[in-house]
Amino acid sequence: MKFMENTKINFMKLKSFGFGFSSVLAFGSIILLLMGVNLGIDFKGGTAIGVSFSENVSIQEVRGSLKSVSFNDSLIDLSGEEIKYFGNQSDVMIKIKSLDNEPEDFGQMVINHLYDSMSAKVPENKNDFILSLGSVSPKVGSELSGKAFWSVVSALVLILFYISVRFEFRFALGAILALVHDVIITLGIFSLTGFEITLSTVAAFLTIVGYSLNDTIVILDRIRENMKSSGTVMFESTINKSINQSLSRTLITSLTTLFVIIVLLVYGGEVIRPFSFTMLVGVIVGTYSSIYIASALLATIYQSSNK
Amino acid sequence: MDSSIRNRLLTILFVFGLGIYALLPSIRYTLMDEDKKSNLSDDQIDYFESRSIKQGLDLKGGIYIVLEVDLPQLIDNLAKNKDNNFNEFLIDLKSEYNNSSRDFFTVFEDLAVENELKLPRYFINYGKTKDQIISQLSLQSEDSIKRVIEIIQNRVDQFGVAEPTIQKQGNNRVIVELAGIEDSERARDLLQSTALLELMIVKNVESTNAIIRQIDSIMSVSNSKDVDQDDEINELFDSSSSSELGFSSLLISVGGNLAIASKDLAALKDILFKEDVIQILEATNSTILTSDSSIKLVNEIGQEEEFYTLFHLFNNAELTGGVIEDAQMRLSQAGVTAGQAVVEVEMNSEGSREWARITGANINNRIAIVLDKKVHMAPVIRSQIFGGGTVIEGMNSIEEAEDIAIVLRAGALPVPVTIAEERTIGASLGADSISKGTQSMAIGLFLVVCFIVFFYKMSGLIASFSVMWTLILLLGVLALLEATLTLPGIAGLILTVGMSVDANVIIFERIKEELRNGKSVRSAIDSGYERAIRTIVDANLTTGIAAAVLYQYGSGPIKGFATVLFWGIIVSMFTAIIVTRFVFDFVTTRKNIGRLSI
């Protein structure tokens, strides 16, 4: 089947537009991120509780029940914490910031409180009531974020190094900037949705890094090959030619990946949803950035160094 | 068949065989019905469990707890001659350590220097200089973490969980993973209870009354002191709050015991932590503890209220849990407790001798059985007890009695542990993620196959075949590595499928390009592969680097992701470059094909 063969699209004509578009997106994302990311308990500590009622409940009801919870022999008001549905209207997820002098079994205490105070709507066996319970002390939270941060940074540095050796530094620069671009914009869109960032969303971001990198390298590899015959003169047309040559591959691969991700998004269940969503955004942004960031940056860098 | 093709075929068959062999136990175990599973011998179960791909707690449900040894508490326990200076230092140490990621003993040393604390004064048993003391203390802490791991291992083994994982993390943490546990509340208590059993003599009524009067007078003095200082402020407040009326106002008498309402427990804690009160208790060698279980009473305004019994005890334990040889849950046969769960304790010979001596010397006194600073019961000793057997009553349920028996057998933790991180996944949520996850993987895979067959016809079929094998081989590798599959791991699988499809697409597009340039099928395949391989290797190696780094630095879930990704890259390069190439070569050398279905 013929698909996107022998295309001669002038991608680089829209280079400036692409830069502008990406800058706006990236800038907007950074502002969104500065306004506050919804960090999960993995990174800032706290308690997250998922419970499954036997019938539909309203958030108001749960909030009301959390108005007075006994805590260290006194009563505290947890109704201001984040409470939301989890998949359907009988499952509820509650996220509580870490408190001073939190007792060890704080999460269990809150679960027990809900179980007792909303006894008309809970399953008979308490174990069926508990969907999940997570608690992370602030100390562990800061350690986990430190680790996640440094692992991403050192991966990027090593990749930069590898591409510099295999291609050249200017290629590596374009590839890394494209990666940073992808992650920032995906993070920005992600924070718009209100999903929270947990260790498994970090894994999704790493998947995007891997995916986008793969995509970028394939195009850069073509550029390198075509440069051998045409040199660095008319660099934009070399890049256009390379992108066109690999266009069918880029689109076919992106489409197949998108199939899997959309299926995952629709049928994958609640736990995996933030992950699938991140992937969906990331693949689209990643495909775009291989062309308009990695390659276009390369064109700009070569142009300015040839002048 | 020429020899190069035969050798390649043998290699490929060998690798495929290995993959199937590695996966076989997982497949057999998953397909086995529950009846058959329950008939397996322990050895067979061990075999299947170790050879199958393990599901992470996020998929299977279970409890993951990171316990942290309470090092500040350990230091507190080891210190002698504690004074105000030291106590303040300890409070600083706690908050400083909990808010920084530095090593405990570095923080300890810095703070000791900063506060000009004379360490030999408190730790003379551990050395004469600061450095000596710190190195000895850190040895002590290592020793206690070893003990903690041993004891927790013991407790978990006796609790009976399939495949528990217990491992040390860093200097002072223990990771405990219990898969498939339903009752997380019970598991948590079992892991965390210090299980320090103490037998302490209850002080007589006269000295108890005396100490209450003394505490009352301390409080009235300190209150009047407050009045002197904050004359004006005090006028603004209602001057009859319970704490000002003194200690005795919190107490009521219930059947010969003193009791305190549960709402006043916080006030009691405040009183007992007052320095003057601590001094009085130390001077009289006594301590005040409350009961483990509560009683419900109707108070003066007709409401039901919870009360805890208060005990005034000799501070030094006559016997501790160390002398226990065995502890078992039993249902009590006789007396008022008939039918209730109790724990029967047997002591070793040394403990039995001591026990006989204590009971002999304290006839008609009461002895309190104290577990983790909570009084379980305080019976009157009627006669001397020989043989070292005793029974602990006051359990709320059979489960509680079973668990207390377990922790008594396994021994007390040398130092308390706190929960630094906990993740409990209910079995239903885990089952939900795994069924939906596999279902959507299957649907996704099916769509991918349709899509590439639609695009590349016969060649697409070959590619689909190679993607299938990528998955099978990757799962085989994971089974061999005894890796655990978690949700991020499934993400890694998806990325691998993506990259494996991609490798095929790159190759096919190259071949098509060569065909368009007028090359014959044979040479188009050859040069297409040759050119594509470089691209594929570069793209995969860069991702491989990322995976390796993540494996090095990442924690738990990220590590799982990195493992899958790393092996996925290797396997998908194998299937795309070697396996599909072989199929193409095999087909095209046998007959001279004029047109390639691509």
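These are my notebook entries on a two-chain model, from its domains to the sheet that the chains share.

**Entry 1: getting my bearings.** I remind myself that this is a predicted model. I began with the domains. For chain A, the assignment gives domain 1 (11-40 + 141-306) and domain 2 (46-135). Their C-alpha centres are separated by 39 Å. For chain B I found domain 1 (3-20 + 427-590), domain 2 (62-192 + 418-425) and domain 3 (198-221 + 243-394). Between the C-alpha centres of domain 1 of chain B and domain 2 of chain B there are 46 Å.

**Entry 2: where the chains touch.** Next I looked up the contact between the chains. Chain A puts in 68 residues and chain B puts in 67 residues. Several elements of chain B supply at least two residues each, among them helix H10 (184-192), helix H18 (487-516) and helix H19 (521-553). Which element of chain B gives the most to this side? My look-up says H17(B), with 15 residues. I also sorted the side of chain B that touches chain A by class, and got 34 nonpolar, 19 polar and 14 charged residues.

**Entry 3: a sheet built from both chains.** This one was fun to trace. I followed 8 strands through an open sheet, in the order S4(A)-S5(A)-S1(A)-S6(A)-S16(B)-S2(B)-S4(B)-S3(B), with antiparallel pairing. At the edges I found strand S4 (82-86) of chain A and strand S3 (165-169) of chain B, each of which pairs on one side only. On average, neighbouring strands of this sheet are turned by 20° against each other, direction ignored.

Where do the chains meet in this sheet? Strand S6 (residues 130-136) of chain A runs antiparallel to S16(B), and 5 bridges join them. I noted A:Leu133 opposite B:Thr424 in S16(B). At the chain B edge, S3(B) pairs with strand S4 (residues 173-179) of chain B over 5 bridges. There, B:Lys168 has B:Val174 as its bridge partner.

Then I checked the helices that pack here. H10(B) touches S6 of chain A as well as strand S2 (62-69), S4 and S16 of chain B, and its direction makes about 25° with that of S2(B). Helix H4 (residues 106-117) of chain A lies across strand S1 (46-52) and S6 of chain A, at about 35° to S1(A).

**Entry 4: the core.** Last, I looked at the largest nonpolar core, which has 243 residues; A:Ala175, B:Ala368, B:Leu408 and B:Leu550 touch the most other members. Helix H17 (residues 427-480) of chain B brings the largest share, 19 residues. I picked out B:Leu408: beyond its neighbours within four places in sequence, its contacts include B:Ala195, B:Gly321, B:Ile324 and B:Val343.

Key
Residues numbered from 1 in each chain as written. Chains lettered and ligands numbered in written order. Predicted model: local features only at pLDDT ≥ 70, side-chain atom pairs only at ≥ 80, totals over all residues. Domains from an automatic or database assignment. Core = buried A, V, L, I, M, F, W, Y, C linked by C-beta atoms within 7 Å. Buried ≥ 20, exposed ≤ 12 C-beta atoms within 10 Å, placed from the backbone. Helix = DSSP H or I, 4+ residues; strand = E, 2+ residues; numbered from the N terminus. Contact = placed C-beta atoms within 7 Å. Nonpolar A, V, L, I, M, F, W, Y, C, P; charged D, E, K, R; others polar. Pairing = 2+ DSSP bridges. Axes fitted to C-alpha atoms, helices over the stretch in contact; angles between N-to-C directions.
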